[in-house]
Each structure stands twice: as structure tokens, then as C-alpha cells.
Amino acid sequence: MIELRNVSKAYGYGPSRHVVCDALSAVFDGSAAVGILGANGSGKSSLLRMIGGMELPDRGQVIRSCRVSFPLGYSGGFHPTLSARENVQFIARLYGADPVEITRFVRDFAEIGSHFDRPLLTYSNTMRARVTFAMSIAIEFDVYLIDEVSSVGDVGFKRKCLAALAERRRHAGLIMASQSAANVRRFCDTVVILDCGQLHAFHSADEAADAYQNRIAVTDA
């Protein structure tokens with residue numbers, strides 16, 4: 001289970017201050033698949049980073065009683081001057097996983113050939129996305145955090161990522177943040193909307209997706 005207790009988070013100062021969480025309290029069942037819908041800039045990525053422990057709230061607590069991943073595709077733990085192999089081995093040890101097994105998985109999944117032993121700073125955005133996503137699913141967690149799965153690369157690799165997520169979902173929970181109602185409908189049983197620093201719950205995923213799409217349509221109009 002993951003519990004947020006009166007979590008607040010904002011960036012900037014004065015009139016430019018942007019609030020992404022405002023005394024937010026919520027409980028996530030570690031076995032469920034929960035989608036978080038929100039417009040660009042609503043704070044979805046910040047919320048995921050706080051849930052995963054990559055970022056601290058300004059106030060409040062995030063309490064985890066299960067093993068939670070870093071957001072899938074998150075590259076904050078990678079050092080640009082190290083190779084993918086060196087980064088993967090370091091992160092595997094950090095999480096108490098077998099570095100040999102994890103390295104083999106990431107190398108095979110990412111399919112970047114000899115670049116795997118070159119510094120990350122020489123990678124294209126697509127190669128970096130391949131490695132970071134592969135690293136995200138290489139280690140077994142109780143709950144996987146997913147931030148905009150649509151941004152992980154080309155169409156073929158995206159299909160591969162979606163299939164891998166579906167496999168992980170058989171044995172773990174997930175929390176997916178996205179601007180796409182279609183993405184969360186595909187993977188999630190429960191969907192909430194993040195808006196003005198609060199999570200808004202609905203009776204069903206379809207109801208939440210419809211409310212989100214109607215809101216976007218009104219805003220665009």
C-alpha cells in the first residue's frame with residue numbers, strides 16, 4: 001500500500017508559483033492498476049516522483065509498505081559519462097538485484113548493439129529511452145510507476161514496451177500517469193484526475209476518462 005498524507009508540492013515563488021499538490025491525501029492499493037489523468041503541467045510527473053521517492057514533498061508524508069519502482073523511463077539515476085552497462089550494474093546493486101542478470105535483460109531488451117558500452121552522453125534520445133525503460137522493468141517491484149508510456153520511442157519498441165508492461169501487470173500493481181485516456185483505459189482498473197493539486201475519483205475508469213475528455217474539449221474550445 002502507498003499512502004499520501006497531506007502532501008503539498010509547489011515550484012517557483014510569488015505570482016509564478018505553480019502548485020502541483022495541495023494538502024493531497026490518497027491511498028493506493030499496491031495490487032491495483034490506477035491511472036492518473038491530467039493535462040500537461042498538472043503535476044503528474046512530480047506526483048509519481050514523490051510516490052517513488054525520487055523527490056520529496058514540501059509538506060506531508062508519502063508512506064510505502066511495498067516495493068515501489070522509480071518511474072518507468074526515468075533517467076535521473078543515470079550518469080551521462082558512464083556506459084549503459086556501468087549504469088545498469090550500479091542501479092542493480094543499489095536495489096539488491098543480480099547485476100549480471102539485470103545487465104543481460106537490459107542489453108537484450110534495449111537492442112542498441114555496441115552503444116551499450118559507450119557513454120550515455122553519446123546516445124540519441126531514442127537510445128536513451130530504450131535503455132531507461134528496459135532498466136525500469138528489469139527489476140521486480142510490487143508496484144510499477146509509469147509516466148507517459150507513449151514517449152518511449154518508435155512504434156515497434158513501443159509495442160514491445162506495452163507487451164512487457166502487460167506481463168509485469170500479471171504479478172504487480174501499477175500507477176500510470178498520462179494525458180491519454182486511451183492509455184489508462186488499456187491498463188487501469190481505476191482512474192483518477194489530477195487537477196488543481198487534488199485527485200478526483202470516479203465510479204469507473206470510463207466515467208473518469210469521459211470526464212477528462214469533456215474537460216479537455218471545453219478547455220480547448
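Me: Quick one: which element gives the most to the lining of the largest cavity?

Reply: Helix 5 does, with three residues. A cavity here is a set of 1 Å grid points where a 1.4 Å probe fits but cannot get out, and lining residues have an atom within 4 Å of a point.

Me: What kind of model is this, and how are the residues numbered?

Reply: It's a predicted model, where local features need pLDDT of at least 70 and side-chain atom pairs count only at pLDDT 80 or more, while totals for chains, interfaces and linings use all residues. Residues are numbered from 1 along each chain as its sequence is written, and side-chain values use heavy atoms, with hydrogens and water left out.

Me: Cool. Which residues line the largest cavity?

Reply: The lining is made of Tyr144, Ile146, Leu165, Arg168, Arg169, Ala172, Gly173 and Leu174. Two or more of the lining residues come from each of strand 5 (143-147), helix 5 (155-169) and strand 6 (173-178). Those are DSSP runs numbered from the N terminus: helices are H or I with at least four residues, strands are E with at least two.

Me: Switching topic: how many aromatic pairs does the structure hold?

Reply: There are seven aromatic pairs. Take Phe105 and Phe109: their ring centres are 5.7 Å apart and the planes meet at 20 degrees, so this pair is stacked. (Rings pair with centres within 6.5 Å; under 30 degrees is stacked, over 60 edge-to-face, the rest tilted.)

Me: Where do Phe105 and Phe109 sit along the chain?

Reply: Both are in helix 3 (residues 99-110), four residues apart, and therefore separated by about one helical turn.

Me: Are Phe105 and Phe109 buried or exposed?

Reply: Phe105 is partly exposed, with a relative accessible area of 29%, whereas Phe109 is buried at 10%. (With a 1.4 Å probe and protein chains only, buried is under 20%, exposed over 50%, partly exposed in between.)

Me: And what about Phe141 and Tyr144?

Reply: Their ring centres are 5.7 Å apart with planes at 90 degrees, so that pair is edge-to-face. Phe141 is buried at 5% relative accessibility, and Tyr144 is buried too, at 3%. Phe141 and Tyr144 also belong to one aromatic cluster with Phe70 and Tyr95, and Tyr144 is among the residues lining the largest cavity.

Me: Back to Phe109: which charged end sits over its ring?

Reply: That's Lys160, with its charged end 4.5 Å from the ring centre of Phe109. (The test is NZ of Lys or CZ of Arg within 6 Å of the centre and within 35 degrees of the ring normal.)

Conventions. On a 1 Å grid over the protein atoms alone, a cavity is a set of points where a 1.4 Å probe fits but cannot get out, and a pocket is an open set with protein on both sides within 12 Å along at least five of seven lines; lining residues have an atom within 4 Å of a point. Rings of Phe, Tyr and Trp (its six-membered ring) pair if their centres lie within 6.5 Å; planes under 30 degrees apart count as stacked, over 60 as edge-to-face and the rest as tilted.
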